[in-house]
Amino acid sequence: MLSRHKLTAWLPTVLVAIFLVIQIFPIVWVISASLQTPEALARGPSNRLIPDTLYFGNYVRAFETSPLLQYLLNSTIIAVLTIGLTILLAAPAAYAIEKLRFNGSQIVLNYFLLGLMIPVFVALLPIFQSLGFLGIRNSYWAVVLPQVGFQLPVAIYLYASFFRSIPNELLEAASIDGAGVFRTFWSVAVPLSINATITIVVYNFIFIWNEFVFANTFLTSDALKTLPVGLNDFVSDMGRRDYGATYAAIVVSVLPTVALYLFLNRRIIDSMTAGAVRG
Amino acid sequence: MRKNQLLGTPSWAGWLFVAPALLMFTAVVMVPIVWSSYLSLGVWNGLGKWRFNAGANYLSMLSDTVFRHALLNSLFFSLVGSLIQLIVGMAMAVSLISIARFRNIVRVPYFLPAVISSVAISQIFVQLLSADPEGFINGSLRSIGLGEHTQPFLSNTSLTLTIVTLVDAYKFCAIYMAIFYSALVSLDQDVLAAAEIDGANRLQQLFLIRLPLIWATIAASVVLVVSGTLRGFDIPFVMTGGGPGTSSELVSTYMYKTLFSQSNFGYGSAIAIFLVVECLLIVAIIRKAFSATEKTG
């Protein structure tokens, strides 16, 4: 019989172990299921957590029977364009708000932060129509531009809190040395903000890679679909016929974010926490 | 000159730096709100002419039984989902700071569901809950002798709303774990040591000292989780599509169908505007409530 004291000492460890199992279970299960042969899967061993074989045929079929590779490429292109454009717009804007402090800069910041409260749904139909009007529905830009617009508030918020921490003297020293506003920004502020930029890139990457609503609404051509949308179609297409390939496709779709996460876990957790508790 | 401004910077330079972001944000986020408000005041299917019908769209929400059902479902989804995320997130954070070693290692798998896409999480749970072929959950029920409870879970209209709420909460719990954890580890250790010397046991330390000290973080998290769950969409949309029937229909999924399956642009826009106002209003009420407790407490 455990004494009361021992029980309270062990309780946190037991709880942590239970939470740990719950948090990793779905991903472990799907990886394990994706490595089993179709015969093994037909016997109902999706209940088994350790595969008895290491069979990669499901992956081969997933890539052969669907444009999974194309989806992977599309997601990558969209992520690169979106992140690049977001950084390009957010960094100078936050710098101007924090360091150039023109008349009305505080109002501009609050205007951007208003965007954090707006659900994307209200913009879906107007953006859908505008993209059609501009003739860029069913192009990468159809997803990139709306995502940039909705990512800007968080990126500006994170950049602004970083620029606030740079002492003005550092920037003023550069301008006394004869550097103009643009030179000071480009050759002093930008190099200093490398670390903040990496955080913002990583934070945005997770969201953009996983984004579903815009991609599902504005892209209909198979050649342009991103992984989440492609995966959804793949499952409704193949889910009733080829379970092994379905599991494999799910694993392929989560692999990039999970791999990035394993390398940069602390930075990702911290940036998602900071991005969440804004203001 | 205002303090904190860099020496000798003309005002136009600031506007020049901020203009591209301002234009993009206005075009993508702000103009559509105005545009949607305008569309919500008329009838339009995208082809013919937009026809003004005053507030008729908003009035028909009142008598639309599907909308009313979706609104109730959304409130359940938000209330239950928020409670689970805050309580489980807190339990995860508190148990994590209570273990002596491996905290930083454990934090990595702890946070995993938050970095996986909603579509992938949804598809994994669809497979786990499946009846044909027998998924993990039905298989487990059968093997522990609860075979009579096996069923196609996502076809059971009395379970679907609960299931999508739980799966959504599951994906986002880890965010609140991380927020609470970083607030708890930054607490002043001297205060806790003093409490321990004074004979406070662990539960007293938690409820009387730690939680009150991170009250501001908890308040911010409540706002965050409520506004997050009120706009929940991906997981219900992928797992059940709001069905079967309207059993797991949320305001957001109903709006999406009204716009993009039925091409009922006026009514769909009115629901979208309702969603924005609902989010802003509920968040404002929560903020107000918290600032009131701060003044009295």
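Here is a friendly exchange about the domains, the chain contact and the helices of a predicted model.

Biologist: Happy to look at this predicted model with you! Which residues does the domain assignment of chain A give for domain 1 and domain 2?

Modeller: Gladly! The bounds come from the domain assignment of chain A. The C-alpha centres of domain 1 and domain 2 of chain A lie 33 Å apart. The assignment places domain 1 at 4-55 and domain 2 at 66-276.

Biologist: Thanks! Which helix gives the most to the side of domain 1 of chain A that touches domain 2 of chain A?

Modeller: Seven residues of domain 1 of chain A are in contact with six residues of domain 2 of chain A. On the domain 1 side, α1 (4-34) and α2 (38-42) of chain A each supply at least two residues. The helix that gives the most to this side, with four residues, is α1(A).

Biologist: And how many residues on that side of domain 1 of chain A are charged?

Modeller: Let's go through the classes on the side of domain 1 of chain A that touches domain 2 of chain A. Five residues there are nonpolar and two are polar. For charged residues, the count is no residues.

Biologist: Now the chains: how many charged residues has the side of chain A that touches chain B?

Modeller: The contact takes 77 residues from chain A and 86 residues from chain B. Helix α1(A) gives the most to the chain A side, with 13 residues. By class, the chain A side has 55 nonpolar and 19 polar residues, and its charged residues number three.

Biologist: Why is helix α5 of chain B largely enclosed by the rest of the structure?

Modeller: A residue counts as buried if 20 or more other C-beta atoms lie within 10 Å of its own. In α5(B), the buried residues include B:Ser118, B:Gln123, B:Phe125 and B:Leu128. The helix spans residues 118-128 and is largely enclosed because, of its eleven residues, the number buried is eleven.

Biologist: Lovely. At what angle do α3 and α10 of chain B pack?

Modeller: Helix α3 covers residues 65-98 of chain B and helix α10 covers residues 215-230 of chain B, with their axes 9 Å apart. The angle at which they pack is about 140°. That makes α3(B), relative to α10(B), oblique.

Biologist: Last one: is the crossing of α3(B) and α10(B) left-handed or right-handed?

Modeller: Among the residues that meet there are B:Phe77 and B:Gly81 in α3(B), and B:Val222 and B:Thr229 in α10(B). The contact of α3(B) with α10(B) has six nonpolar, seven polar and no charged residues. As for its hand, the crossing of α3(B) and α10(B) is right-handed.

Terms used. Residues numbered from 1 in each chain as written. Chains lettered and ligands numbered in written order. Predicted model: local features only at pLDDT ≥ 70, side-chain atom pairs only at ≥ 80, totals over all residues. Domains from an automatic or database assignment. Contact = placed C-beta atoms within 7 Å. Nonpolar A, V, L, I, M, F, W, Y, C, P; charged D, E, K, R; others polar. Buried ≥ 20, exposed ≤ 12 C-beta atoms within 10 Å, placed from the backbone. Axes fitted to C-alpha atoms, helices over the stretch in contact; angles between N-to-C directions. Parallel < 35°, antiparallel > 145°, perpendicular 65-115°, else oblique. Left-handed = near helix turned anticlockwise from the far one by under 90°.
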